[in-house]
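This report describes a protein model, with attention to charged pairs, aromatic rings, the surface and the backbone. The sequence and the structure are shown first.

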Amino acid sequence: MKQILAVFCLVAAVQMTNAQVFKGKGDVKFQVGANIQENGTGIIATYDRGIGTNMSFGFTSLYLLGIQEVGGEKPNFDDRFDIRARFSANIADVFGIEEKFDIYPGLNIGIKNFGAHLGARYFITDGFGLYSEIQIPIAHYDNNPIGFERYNNQVNVSIGASFNL
C-alpha cells in the first residue's frame with residue numbers, strides 16, 4: 001500500500017510540474033486581447049519569453065481603434081499606437097498558487113511612458129488560457145499630457161486570450 005501511495009504521489013508531482021503556467025527559462029507566451037482606457041478601446045498583443053526561473057522579458061504593442069475626437073480633431077497613427085519593452089516577475093509558484101494560474105507584476109518602458117503592469121492568466125488547456133492585465137504609468141515623458149497625449153498614457157485594462165508557443 002505504501003508503494004502504491006508513493007507512486008501515486010510521484011506521478012501527481014510530475015503532473016503538477018508539467019502543468020505549471022510559467023515554466024521558466026525558454027517559456028514563450030503570446031497574448032492578444034482588448035484594451036480599455038478612458039475615451040478609447042483597442043487591441044493589444046504581448047510576447048513574453050522566460051529568461052529565468054521566475055522572470056520574463058517581452059514586448060507589448062497596442063493600437064486604439066474606437067476613440068473619441070478631441071476638439072473636433074481625429075487622432076493620428078502615432079496618437080493611437082504604442083510599443084513597450086517589458087520585464088515581468090512570474091510569482092504564482094512562489095506563493096504556492098494553483099499550477100494553471102500565474103500572477104505577473106512587472107515594469108515596462110515605451111514610447112509614451114515608463115510604467116508598471118500587474119497581470120493574471122489562467123490556462124484552461126496546456127496551450128490556451130485567459131488573461132487580464134492592468135497597466136499604470138509611473139512617469140510620463142510629458143509632465144502634463146493633454147488631449148491625444150493621454151491615449152496609451154493612462155491607467156488601462158486588457159483582457160483576452162493567452163497562448164503557449
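## Charged pairs in the predicted model

Arg 86 counts as buried, because its relative accessibility is 2%. The coordinates discussed here are those of a predicted model. Arg 86 forms a salt bridge with Asp 48, and the closest N and O atoms of the two are 3.1 Å apart. Since Asp 48 lies in strand 2 and Arg 86 in strand 4 (residues 81-89), this pair ties together parts that are 38 residues apart in sequence. Asp 48 is likewise assigned to the buried class, because its relative accessibility is 3%.

A further salt bridge joins Asp 82 and Arg 84, with 2.8 Å between the closest N and O atoms. Beyond this pair, salt bridges with shared partners bring Asp 48, Arg 86 and Glu 133 into one network. Asp 82 is found in strand 4. Its relative accessible area is 1%, so Asp 82 is buried. Arg 84 is also buried, because its relative accessible area is 4%. The side chains of Asp 82 and Arg 84 are in addition recorded as making a polar contact, at 2.8 Å.

Which residue meets Arg 150 in a salt bridge? The partner is Glu 38, at 3.3 Å from N to O. Arg 150 lies in the loop between strand 7 and strand 8, and Glu 38 in the loop between strand 1 (28-37) and strand 2 (40-50), so the pair ties together parts that are 112 residues apart in sequence. Arg 150 counts as partly exposed, because its relative accessibility is 33%. Glu 38 falls in the partly exposed class as well, because its relative accessibility is 48%. In general terms, side chains of opposite charge can pair when their charged atoms come close. The structure holds six salt bridges, and the table lists three of them, including the N to O separation of each.

| Salt bridge | N to O distance |
|---|---|
| Asp 48 and Arg 86 | 3.1 Å |
| Asp 82 and Arg 84 | 2.8 Å |
| Arg 150 and Glu 38 | 3.3 Å |

## Chain layout

The protein chain contains two helices and eight strands. Read from the N terminus, its elements follow the order α-β-β-β-α-β-β-β-β-β. The chain has 165 residues, of which 36% count as buried.

## Aromatic rings

The count of aromatic pairs comes to five. One of them is formed by Phe 148 and Tyr 151, whose rings are stacked, with 6.0 Å from centre to centre and 25 degrees between the planes. Are these two residues buried or exposed? Phe 148 and Tyr 151 are both buried.

Elsewhere, Tyr 63, Phe 77 and Phe 81 are linked into a cluster by ring pairs. Tyr 63 is found in strand 3 (residues 55-67). With a relative accessible area of 25%, Tyr 63 is partly exposed. Its C-alpha atom is separated by 5.4 Å from that of Arg 80, although the two residues are 17 residues apart along the chain.

A charge also sits over an aromatic ring: the charged end of Arg 121 is placed over the ring of Tyr 104, at 4.3 Å from the ring centre.

## Nonpolar surface

Which residues make the nonpolar surface patch? Ile 36, Leu 118, Ile 134, Ile 136, Val 155, Val 157 and Ile 159 form a patch of about 540 Å². At least two residues of the patch come from strand 7 (128-140), and at least two from strand 8 (156-164). Leu 118 belongs to strand 6 (residues 113-123). This leucine is partly exposed, because its relative accessible area is 45%.

## Backbone angles in two loops

Most residues other than glycine have a negative phi. Asn 39, which is not a glycine, has a positive phi of about 65 degrees. Asn 39 is placed in the loop between strand 1 and strand 2. It counts as partly exposed, because its relative accessibility is 37%.

Asn 152 has a positive phi too, with a value near 60 degrees. Its place is in the loop between strand 7 and strand 8. Asn 152 is buried, because its relative accessible area is 0%.

Definitions and conventions. Residues are numbered from 1 along each chain as its sequence is written. This is a predicted model: local features need pLDDT of at least 70, side-chain atom pairs count only at pLDDT 80 or more; totals for chains, interfaces and linings use all residues. Side-chain values use heavy atoms; hydrogens and water are left out. Patches are made of residues with over 30% relative accessible area and no salt bridge: like charges are joined within 9 Å, nonpolar side chains (Val, Leu, Ile, Met, Phe, Trp, Tyr) within 5 Å. Accessible areas come from the Shrake-Rupley method with a 1.4 Å probe; for residues, only the protein chains shown count as cover. A salt bridge is a side-chain nitrogen of Lys or Arg within 4 Å of a carboxyl oxygen of Asp or Glu. Helices (H or I, at least four residues) and strands (E, at least two) are DSSP runs, numbered from the N terminus. Buried means under 20% relative accessible area, exposed over 50%, partly exposed in between (1.4 Å probe, protein chains only). Rings of Phe, Tyr and Trp (its six-membered ring) pair if their centres lie within 6.5 Å; planes under 30 degrees apart count as stacked, over 60 as edge-to-face and the rest as tilted. A charge sits over a ring if NZ of Lys or CZ of Arg is within 6 Å of the ring centre and within 35 degrees of the ring normal. A polar contact is a pair of N or O atoms within 3.5 Å; within protein, one must be able to donate a hydrogen and the other to accept it, and residues adjacent in sequence count only if both atoms are side-chain atoms.
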